[in-house]
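Please open the structure in your viewer and keep the selection tool at hand. The stops below go from place to place, each with something to select and something to look for.

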Amino acid sequence: MTILKIDSSITGEASVSRQLTNAIIDQLKAQDSGATIVTRDLVAEPLDHLTLAAFADTKVLDEFLAADTIVIGAPMYNFGVPSQLKAWIDRIAVAGKTFRYTANGPEGLVGDKRVIVAISRGGFYDTTSPFEHVETYLAGLFGFIGVKPEFVQANGIAAGPEQREAGIANGLEEVERLAA
Ligand SMILES: Cc1cc2nc3c(=O)[nH]c(=O)nc-3n(C[C@H](O)[C@H](O)[C@H](O)COP(=O)(O)O)c2cc1C
């Protein structure tokens, strides 16, 4: 099994989404010690904004297509995903490769993959909030290309030390439940 780990938090050692993606990787490795882990740190090695010329370079897309499981750290920045993560998404949502338009509407072409997203947010949101554009966006995006993502969440990270601790504990509990 090949696992692709994508991180996009700018906060380094203090990052909650990175703590959660690391915990998910540990759990996946415990289930399959022979798994190959490919890491892509979108902050250490940022991708450029998308250009037409960038479509010619399929390295990021090929890496995504080659993975069986994709683990994504998605902190909420200004109600959405970091622009670093958006630049990655722009390279994997490719007509004719990961989705196509048919007479019956769009069709996702990415079957048989597991996508696990670790969301961290400073405040408290659910998908009914008009400001929530992380889970709603990623659920829509991955659904569009044919995968139903699983989410783990740490909320309230900027709401005070107790809320931060409780948010991280909740996220780690949700990671444990992924194994069930
Ligand atoms: C640039 C920036 C923008 C942020 N915007 C939001 C926001 O819109 N809503 C929110 O609830 N928290 C926001 N936060 C707080 C982060 O979501 C929170 O700190 C979260 O833990 C970030 O993930 P990380 O710990 O992996 O970096 C923001 C933080 C930063 C650094």
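In which loop is the place of Phe 79? Select Phe 79 and follow the backbone to either side, and you will find that its place is in the loop between β3 and α3. Keep in mind throughout the tour that this is a predicted model.

**The loop between β3 and α3**

While Phe 79 is still highlighted, look at its backbone, where phi is positive, at about 75°, although the residue is not a glycine. Phe 79 counts as partly exposed, because its relative accessible area is 34%, and the cut-offs for that class run from 20% to 50%.

Now select Asn 78, which lies in the loop between β3 (69–75) and α3 (83–92). Asn 78 is likewise not a glycine and has a positive phi, here of about 50°. With a relative accessible area of 76%, Asn 78 is exposed, since exposed means over 50%.

**The ligand and its shell**

Next, select the ligand and show the residues around it, of which there are 16. Those that come nearest are Ser 9, Thr 11, Ser 15, Ser 17 and Ser 120. If you colour this shell by class, you should see seven nonpolar, eight polar and one charged residues.

Three contacts deserve a distance label in the viewer. The first label can go on Ser 15, where a polar side-chain atom lies 2.7 Å from an oxygen atom of the ligand. Another can go on Ser 120, which also places a polar side-chain atom 2.7 Å from an oxygen atom of the ligand. For the remaining label, select Tyr 125, whose side chain has an N or O atom 3.0 Å from a nitrogen atom of the ligand. If you then turn on the surface, consider that the ligand on its own has 620 Å² of accessible area, and that the protein covers 76% of that area.

**The aromatic rings**

Now show the aromatic side chains, among which the structure holds five pairs. Begin with Phe 99 and Tyr 101, which form an edge-to-face pair with 5.4 Å from centre to centre and 80° between the planes. This pair is called edge-to-face because its angle is over 60 degrees. How do the two partners stand in terms of cover, buried or exposed? Phe 99 counts as buried, because its relative accessibility is 8%, whereas Tyr 101, at 60%, counts as exposed.

Keep Phe 99 selected and add Phe 144, with which it forms a tilted pair, 4.8 Å centre to centre and with 55° between the planes. This pair links distant parts of the chain, for Phe 99 is in strand β4 (residues 99–102) and Phe 144 is in helix α4 (residues 135–145), 45 residues apart. Phe 144 has a relative accessibility of 32% and so counts as partly exposed. With these three side chains on display, you can see the cluster into which ring pairs link Phe 99, Tyr 101 and Phe 144.

For another ring, select Phe 64 together with Lys 113, which lies over the face of Phe 64 at 5.5 Å from the ring centre.

**A last stop in helix α1**

Finally, select Ile 25, whose place is in helix α1 (residues 16–31). Ile 25 counts as buried, because its relative accessibility is 5%. Add Gly 73 to the selection and draw a line between the two C-alpha atoms: Ile 25 and Gly 73 are 48 residues apart in sequence, and 11 Å apart in space.

Terms used. Residues are numbered from 1 along each chain as its sequence is written. This is a predicted model: local features need pLDDT of at least 70, side-chain atom pairs count only at pLDDT 80 or more; totals for chains, interfaces and linings use all residues. Side-chain values use heavy atoms; hydrogens and water are left out. A residue is near a molecule or strand if one of its heavy atoms lies within 4 Å of it. A polar contact is a pair of N or O atoms within 3.5 Å; within protein, one must be able to donate a hydrogen and the other to accept it, and residues adjacent in sequence count only if both atoms are side-chain atoms. Accessible areas come from the Shrake-Rupley method with a 1.4 Å probe; for residues, only the protein chains shown count as cover. Ala, Val, Leu, Ile, Met, Phe, Trp, Tyr, Cys and Pro count as nonpolar, Asp, Glu, Lys and Arg as charged, and the others, Gly among them, as polar. Rings of Phe, Tyr and Trp (its six-membered ring) pair if their centres lie within 6.5 Å; planes under 30 degrees apart count as stacked, over 60 as edge-to-face and the rest as tilted. Buried means under 20% relative accessible area, exposed over 50%, partly exposed in between (1.4 Å probe, protein chains only). Helices (H or I, at least four residues) and strands (E, at least two) are DSSP runs, numbered from the N terminus. A charge sits over a ring if NZ of Lys or CZ of Arg is within 6 Å of the ring centre and within 35 degrees of the ring normal.
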